[in-house]
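The following note is offered to a reader who is meeting this structure for the first time. Its points are numbered and may be read alongside the model.

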Amino acid sequence: MAGNTTRLGELLVREKLISLQQLRQAQDEQKKAGSNLGYALAKLGYLSEGEMTNFLSAQYRVPAINLDEYEIDPEVLKLVSKEVCEKHRIIPVSRTGSTLIVAMSDPTNLNAIDDIKFLTAFNVEPVVGSENAIAAAIERYYNAGPSYDEVMAGFEEGEIAFGEDEEEINIGELEKASEDAPVVRLVNMILLNAIKRGASDIHVEPYEKKLRVRYRVDGVLLEEMSPPLKLKNAIVSRLKIMASLDIAERRLPQDGRIKLKLGKGREMDFRVSSLPTLWGEKVVLRLLDKSNLQLDMTKLGFDEGPLNDFKWAIGQPWGMVLVTGPTGSGKTTTLYSALSDLNKTSHNISTAEDPVEYNLHGINQVQMHDEIGLNFAMALRSFLRQDPDILMVGEIRDFETAEIAVKSALTGHLVLSTLHTNDAPSTISRLLNMGVEPFLITASVNLVLAQRLARKVCGDCKQPVQVDPQVLYDMGFTDEMVRNAQLMKGAGCRTCNNTGYKGRVALYEVMRFTEGLREMVLQGASTAELKAASIKQGMLSLRMAGNLKVAEGKTTMEEVLRVTMQD
């Protein structure tokens, strides 16, 4: 296999598709990740998977296949096991007489061809597919659990019906109903489908005449299914049992956690919150997938200038760095990325979080417990007795926390924290309103970063769009941006569930606290004046950052208008 990879690399260099230096870097990445050369080149951005597939197809005179547009017969899939497909990164596509057509990312892999010949007793004819498309096809065809209709077929008519009076439900009966095989399968399907769809939250909501399950995908809630209303108590109880909550207590909110073990050592955490509403308990689950946590700051969506400012701020020996934005705007990921960058043996790092979302090796993470008095302020005081270098406070909510955080930043510690404000300049006003003195703010704050997440245009179905230049000028585009804009929009395909969007890109507003801004704060300048001065010194507002991403074809104007305000 190593010989094949070497030869393929040489061919790519000879055809001038990549340079020798790019080949070396891709081979290093390949060794590190245990992937094939094509995947490594695509990951580094030197060659797209489509270009690699077309090259292999032409080089070895083997047809290429787009698996997204191809429906594989279940009878053909039975001929090769999932384990063999994963081992060789192949998938059977169709059968003609005694010949089995197999999609492969590497058509020169004779070991795979011989293996399939031996196992199936068929002649094997390879076609070329991209590694990602093959992996997605294996996941789609071999891991497809029962459909919603199949699960619902497990319920008999009139089964698990409860009395109208909520208070009279028998707890023993409820527990038994929640462990019924069809209910267990339905709840498992709700959780697994959310993982497959890349959802960040699941909402299970009871109403007077309807039970609704919604997924938040790329920041937008979409209705997924509407199970029969009579199952609401059984579904909620099943989720509460999985999260080790009290199913008898249905009048108070409760919080818990579900840990699911998936294949290949992958673990998925669900943070569970139940809330009593007018028509029963609503349950919201937040999905925490550590394997998807992106901690490389260069890949978060920063432009070069703002990234350098942010790295400068977290590289200072003391002072405060504040990250601001609404819930779900990626503040935690940005802070974790900063901590990951700072996480060295020479630093003692402590964090106070509510809740701790991801475990980071080498960092002392403390979970808040308000009910016993362990809040952000108490945790911060304790940290200062623990010989700290870097502190992270989940959120500055009150004067007490703000005061200790500011004083910690003034006594030789680097403090990272979040606030809920609409943009970077208004963070200063928020601290002043909390009661922090202006001279303390100017002496402690190094940088304020505001952020939002906008949905990305789907890479599989994106297509250029023409827009009237006047519309772009109204959005705040400059003449140069209008001239060079490459606007894209997703047509909708299977990959993005016909939404036209897949994944998200972050928009950043980075306000470096310069001497000029400090002087303005001491003189009592308004938020609008601070914003105007920051933009003058080179800060990109959230709307400007969004416009740049629109001009690059990464997101759409509708998304930028949805998540940012007019400057």
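1. Asn446 is a suitable place to begin: in this predicted model, Asn446 is buried, because its relative accessible area of 8% lies under the 20% that marks a buried residue. Asn446 belongs to strand β15. Which residues is Asn446 in contact with, leaving aside its neighbours within four places in sequence? They are Trp312, Ala313, Gln316, Trp318, Gly319, Met320, Arg512, Phe513 and Arg518.

2. Strand β15 is part of an open sheet of seven strands, whose order is β12-β11-β13-β14-β10-β15-β18 and whose pairing is mixed. At the edges are β12 (364-367) and β18 (501-512), each of which pairs on one side only. From one strand to the next, the twist averages 20°.

3. Within this sheet, strand β10 (residues 319-324) and strand β14 (residues 414-419) run parallel and are joined by six bridges. Thr324 has Leu419 in β14 as its bridge partner. Helix α15 (residues 376-384) packs on the sheet, where it touches β11 (349-353), β12 and β13 (390-393). The direction of α15 makes about 170° with that of β11.

4. Leu419 appears again among the contacts of Arg430, a residue of helix α17 (residues 425-434). Leaving aside neighbours within four places in sequence, Arg430 is in contact with Arg397, Leu419, His420 and Thr421. Is Arg430 buried or partly exposed? Arg430 counts as partly exposed, because its relative accessible area is 32%, and that class lies between the limits of 20% and 50%. Ala135 is 295 residues from Arg430 along the chain, and the C-alpha atoms of the two are separated by 48 Å.

5. Helix α13 (residues 304-314) and helix α14 (residues 331-342) have axes that come within 11 Å and cross at roughly 60°. The two helices are therefore oblique to each other, and α13 passes α14 in a right-handed crossing. In this contact, α13 supplies Phe310, Lys311 and Ile314, while α14 supplies Thr334, Ala338, Asp341 and Leu342. By class, the contact of α13 with α14 has four nonpolar residues, one polar and two charged.

6. A second pair of helices has another arrangement. The axes of α21 (residues 515-522) and α22 (residues 527-536) come within 10 Å and cross at roughly 170°, so α21 is roughly antiparallel to α22. Leu517, Met520 and Val521 of α21 meet Glu529, Leu530, Ala533 and Ser534 of α22. Five residues of this contact are nonpolar, one is polar and one is charged.

7. Why is helix α23 (residues 542-551) described as largely enclosed by the rest of the structure? The reason is that eight of its ten residues are buried. These are Leu542, Arg543, Ala545, Gly546, Asn547, Lys549, Val550 and Ala551. The elements that cover them include β15 (445-457), α19 (469-475), α20 (479-484), β18 and α24 (557-563). After α23 comes Gly553, with a positive phi near 80°.

8. Another open sheet deserves attention. It is formed by six strands in the order β6-β5-β4-β9-β8-β7, and the pairing is antiparallel. Its edge strands are β6 (220-225) and β7, each pairing on one side only. Neighbouring strands of this sheet are turned by 25° against each other on average, direction ignored. Helix α11 (residues 181-197) packs on this sheet and touches β4 (199-206), β5 (211-217), β6, β7, β8 and β9. The direction of α11 makes about 25° with that of β5.

9. The pairings of β8 (residues 267-277) can be followed residue by residue. With β7 (residues 254-261), β8 pairs in the antiparallel sense over eight bridges, and Leu260 stands opposite Met268 in β8. With β9 (residues 280-288), the antiparallel pairing extends over nine bridges. Here Ser273 stands opposite Val284, and Thr277 stands opposite Gly280. How many residues does the hairpin that joins β8 to β9 pass through? The hairpin makes this connection through two residues.

Definitions and conventions. Residues are numbered from 1 along each chain as its sequence is written. This is a predicted model: local features need pLDDT of at least 70, side-chain atom pairs count only at pLDDT 80 or more; totals for chains, interfaces and linings use all residues. Side-chain values use heavy atoms; hydrogens and water are left out. Two strands pair if DSSP finds at least two bridges between them. Helices (H or I, at least four residues) and strands (E, at least two) are DSSP runs, numbered from the N terminus. Axes are lines fitted to C-alpha atoms, for helices over the stretch in contact, and angles run from 0 to 180 degrees between N-to-C directions. Contact means heavy atoms within 4.5 Å. Angles under 35 degrees count as roughly parallel, over 145 as roughly antiparallel, 65 to 115 as roughly perpendicular and the rest as oblique. Ala, Val, Leu, Ile, Met, Phe, Trp, Tyr, Cys and Pro count as nonpolar, Asp, Glu, Lys and Arg as charged, and the others, Gly among them, as polar. Buried means under 20% relative accessible area, exposed over 50%, partly exposed in between (1.4 Å probe, protein chains only). A crossing is left-handed if the near helix is turned anticlockwise from the far one by less than a right angle, and right-handed if clockwise.
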